[in-house]
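Thanks for having me. I will walk through one structure, so please have the sequence and the model open.

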Amino acid sequence: MTPPLARADAGAARWPKTFAAMLFVLAAYGFANAATARPLELESDADIAIFVEKLRQFRDASRVRWVIAAPNREDALARLAQIVARLEPSERELAARVGAQALDNPAAARTVRAWMQPQLGGADPASACSWQVWLTDPAFPGPTDEPILTPLAPNDRVPVGPSATFRIGHAGLLQSRLYAFGETRAGAVRDLATAPDANIPVATESGGETIILATAREATPFLDQLKTALAESQGRRLELGPKYALREKLIGKSRGIGANIQAIPQGMIVDLATPVTAGEPAQANSRPNKMLETCAYVLTPAP
């Protein structure tokens, strides 16, 4: 199955409609290569220690929430208190990501359990992006055997296993030019728009992968050169060298990965408030809008 991204060159005008449709049916599609998800048991001190470490590992995954469930809510709250007590004072904000509830069917499971519950709405407007990345991993614990599908927000850093996959969607301006790349080492890049899979496998390199997505009102020379260099790769990663170090050139080397996620580079901002002389008709499109939106997501190997 060819992902919508692979059809980008067929006409930018079809992108928003294609991606909007994909986002609406994404949950119905699921992820074909996702294995069975399982909840975590929280019966022993060792189980609780493992869960606390999970909270720490997903600290930078802003859309991930957790559920502690027991046959009754009082037991779930008691277990949650044990978990909070193991957190350092500087980590107490992680407790806000965990909720307690009674199991829907207490007779079917008499143990205390925990699972991941993605936050599907209510994202911080400051982290909004016209791109959307959806991630799944067989290692993500879920309440049933259905795979967990979690959205990512810009600047998210998520630990994933070797079987994890992701999908990309976009909803933006009709005239936009779209660029989607994945980079491991500096200059080791793949063009996600030409990936042969709808569910794109996460890179298995030890350093993880940074997904960099950009929306531009006009062509961006550096990104166009990168697409040209990868034109025959069919979604495979190529070692292009420092000249194409995507994170350093687009996000900024000195600030580090993710520090300038929604970058509008200096010199690419155009003031649209053009003075109009009295009696003269306004020309809304007299100047091009060169604004470039970049959104990055970091997928790291799970411990």
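Ile68 stands opposite Ala114, a residue of strand β4. I start with that pair as a way into the sheet around it. Before going on, note that this is a predicted model. Strand β4 covers residues 113-118, and 6 bridges join β2 to β4, the two running antiparallel.

In which order do the strands of this open sheet come? The order is β1-β4-β2-β3, which makes 4 strands, and the pairing is mixed. Its edge strands are β1, residues 40-41, and β3, and each of them pairs on one side only. As a general reminder, strands of a sheet pair through backbone hydrogen bonds, either parallel or antiparallel.

Let us stay with β3 for a moment. Ala100 is found in this strand. Is Ala100 buried or exposed? Ala100 has a relative accessible area of 15%, and the cut-off for buried is under 20%, so Ala100 counts as buried. Along the chain, Ala100 and Ala69 are 31 residues apart, yet their C-alpha atoms are separated by 5.8 Å. Leaving aside neighbours within four places in sequence, Ala100 is in contact with Ile68, the residue I opened with, and also with Arg73, Ala76, Leu77 and Leu80.

Some of those names take us to helix α3. Helix α3 is made of residues 73-85, 13 in number. From its first C-alpha to its last it reaches 18 Å, close to the 18 Å expected at 1.5 Å a residue. Which residues of α3 are buried? They are Ala76, Arg79, Leu80 and Ile83. Looking down the axis of α3, the buried residues fall within an arc of 105°, so they line one face of the helix. On the other side of α3, Glu74 and Ala85 are exposed. What covers the buried residues includes α2 (45-57), β2 (64-70) and β3 (98-102). One more detail sits at the start of α3: a side-chain oxygen of Asn72 reaches to within 3.2 Å of the backbone nitrogen of Glu74.

Now to another sheet. This open sheet has 4 strands in the order β6-β5-β8-β11, with antiparallel pairing. Strands β6 and β11 (200-201) stand at the edges with a single partner strand each, so one side of each is left without a neighbour in the sheet.

Strand β5, residues 131-136, is worth following residue by residue. How many of its residues are buried? The count is 6 of 6. On one side these are Trp131, Val133 and Leu135, and on the other Gln132, Trp134 and Thr136, so to speak a strand with both faces covered.

The partners of β5 are as follows. With β8, residues 165-170, β5 pairs in the antiparallel sense over 6 bridges. Within that pairing, the bridge partner of Trp134 in β8 is Arg167, and that of Val133 is Ile168. With β6, residues 149-152, β5 pairs in the antiparallel sense over 4 bridges. There, the bridge partner of Val133 is Leu152. Val133 therefore has a partner listed in β8, Ile168, and one in β6, Leu152.

One residue elsewhere deserves a stop: Glu183, found in strand β9, residues 177-183. Glu183 is buried, with a relative accessible area of 1%. What lies around its side chain? A polar atom of the Glu183 side chain lies 2.8 Å from the backbone nitrogen of Gly187. A polar atom of that side chain also lies 2.9 Å from the backbone nitrogen of Leu246. Beyond four places in sequence, the contacts of Glu183 include Gly208, Glu209, Thr210, Arg237 and Tyr244.

Finally, the whole protein. It has 5 helices and 14 strands, and buried residues make up 45% of its 303 residues. Of the contacts with a separation of 6 or more, 80% are between residues 24 or more positions apart.

How far the predictor trusts its own model varies along the chain. The average pLDDT is 77, and 71% of the residues score at least 70. Over residues 1-34 the pLDDT stays under 50, and the model has 66 contacts beyond four places in sequence for them. Residues 253-289 are also below 50, with 46 contacts beyond near neighbours in sequence. That is where I will stop.

Note on methods: Residues numbered from 1 in each chain as written. Heavy atoms only, no water. Expected span 1.5 Å × (residues − 1). Buried < 20%, exposed > 50% of the residue type's maximum accessible area, 1.4 Å probe, protein only. Arc of directions from axis to C-beta. Contact = heavy atoms within 4.5 Å. Polar contact = N/O pair within 3.5 Å; in protein donor to acceptor, adjacent residues only side chain to side chain. Pairing = 2+ DSSP bridges. pLDDT = per-residue confidence, 0-100.
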